[in-house]
Amino acid sequence: MHMRRVGVVADDAHTRAWLRAGVEPLHVSLADIPRDELESRLVDGAVDLALVDGGRSVSESLHDAERAAAGGAVFRLLLVVEAEALGDLRLPAAFACDFVVRGASSREVAARARGLLWPGEEPDSGELLRVDALIVNLATYQAAVDGAPVDFTYLEYALFVFLVTHPNRAYSRGVLLRRVWGNDYFGGERTVDVHVRRVRAKLGPELSRRLVTVRNVGYMWEGA
């Protein structure tokens with residue numbers, strides 16, 4: 001079986017570095033692809049998975065991939081989207097496709113990429129977070145307490161996973177807004193408080209004690 005080939009399509013070095021850091025542990029062959037060459041590379045079968053920065057126009061970013069799929073190309077696509085674009089996001093059915101929100105952890109990028117490259121395989125230990133009675137599957141965006149699903153919204157989930165994967169460190173509301181909601185979010189910091197309250201309520205009394213309010217700073221997840 002050949003080494004999986006992954007192409008990275010992003011206009012800025014920071015985004016390319018973030019995406020590369022996510023997929024490099026998967027032991028794949030990595031290459032940067034100019035945006036105007038994406039369709040031809042997909043048609044030629046040059047990549048198994050394309051990581052594409054959707055920027056502010058997701059539909060334009062999907063256009064070349066949809067054209068390639070219509071021509072018979074077989075590939076998978078992981079799309080980077082802005083948090084504020086989630087409400088209008090519609091993933092195509094013509095090819096295997098998933099998304100990751102800008103600012104997600106490298107581990108989440110890895111989990112999403114792995115799910116596309118090797119569908120159906122059980123997640124490895126690096127894709128499962130276990131905290132007491134809680135299990136979070138980073139590959140499927142699912143969480144359960146004592147086997148009962150936790151019905152997080154996407155942003156509740158993203159906030160919770162960021163804190164639990166960076167334990168024992170306090171983060172200000174401003175930092176959490178940038179890391180979870182993204183640099184382009186223009187709302188107030190109170191939205192962090194609202195989401196923390198909702199996360200605590202859904203975790204239950206025992207686990208919620210670990211999501212600590214740090215006076216005059218922000219919030220922290222207390223690890224073991």
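This is a short tour of a strand group, a helix pair and one serine in a predicted model.

**Stop 1: the hairpin.** Start by selecting residues 128-131, strand β6, together with residues 134-137, strand β7. You will see the two strands pair in the antiparallel sense, over four bridges. To check the register, show R130 and look across to β7, where I135 stands opposite. Now move to the turn: β6 and β7 form a hairpin with two residues between them. Pick D132 there, which has a positive phi of about 55 degrees.

**Stop 2: the next strand along.** Keep β7 on screen and add residues 142-145, which are strand β8. This pairing is antiparallel too, and β7 and β8 share four bridges. For a landmark, select V136 and find its bridge partner in β8, A143.

**Stop 3: two helices crossing.** Next, select α6 (residues 173-181) and α7 (residues 190-203). Their axes come within 9 Å and cross at roughly 75 degrees, which makes α6 roughly perpendicular to α7. Turn on side chains to see who meets whom: α6 brings R173, L176, L177 and W181, while α7 brings T191, V192, D193 and H195. Colour this contact by class and you get four nonpolar, two polar and two charged residues.

**Stop 4: a serine in α8.** Finish with helix α8, residues 205-208, and click on S208. Is S208 buried or exposed? It is buried, because its relative accessible area is 15%, under the 20% cut-off. Leaving aside residues up to four places away in sequence, S208 touches R200 and L203.

Conventions: Residues numbered from 1 in each chain as written. Predicted model: local features only at pLDDT ≥ 70, side-chain atom pairs only at ≥ 80, totals over all residues. Heavy atoms only, no water. Axes fitted to C-alpha atoms, helices over the stretch in contact; angles between N-to-C directions. Parallel < 35°, antiparallel > 145°, perpendicular 65-115°, else oblique. Contact = heavy atoms within 4.5 Å. Nonpolar A, V, L, I, M, F, W, Y, C, P; charged D, E, K, R; others polar. Pairing = 2+ DSSP bridges. Buried < 20%, exposed > 50% of the residue type's maximum accessible area, 1.4 Å probe, protein only.
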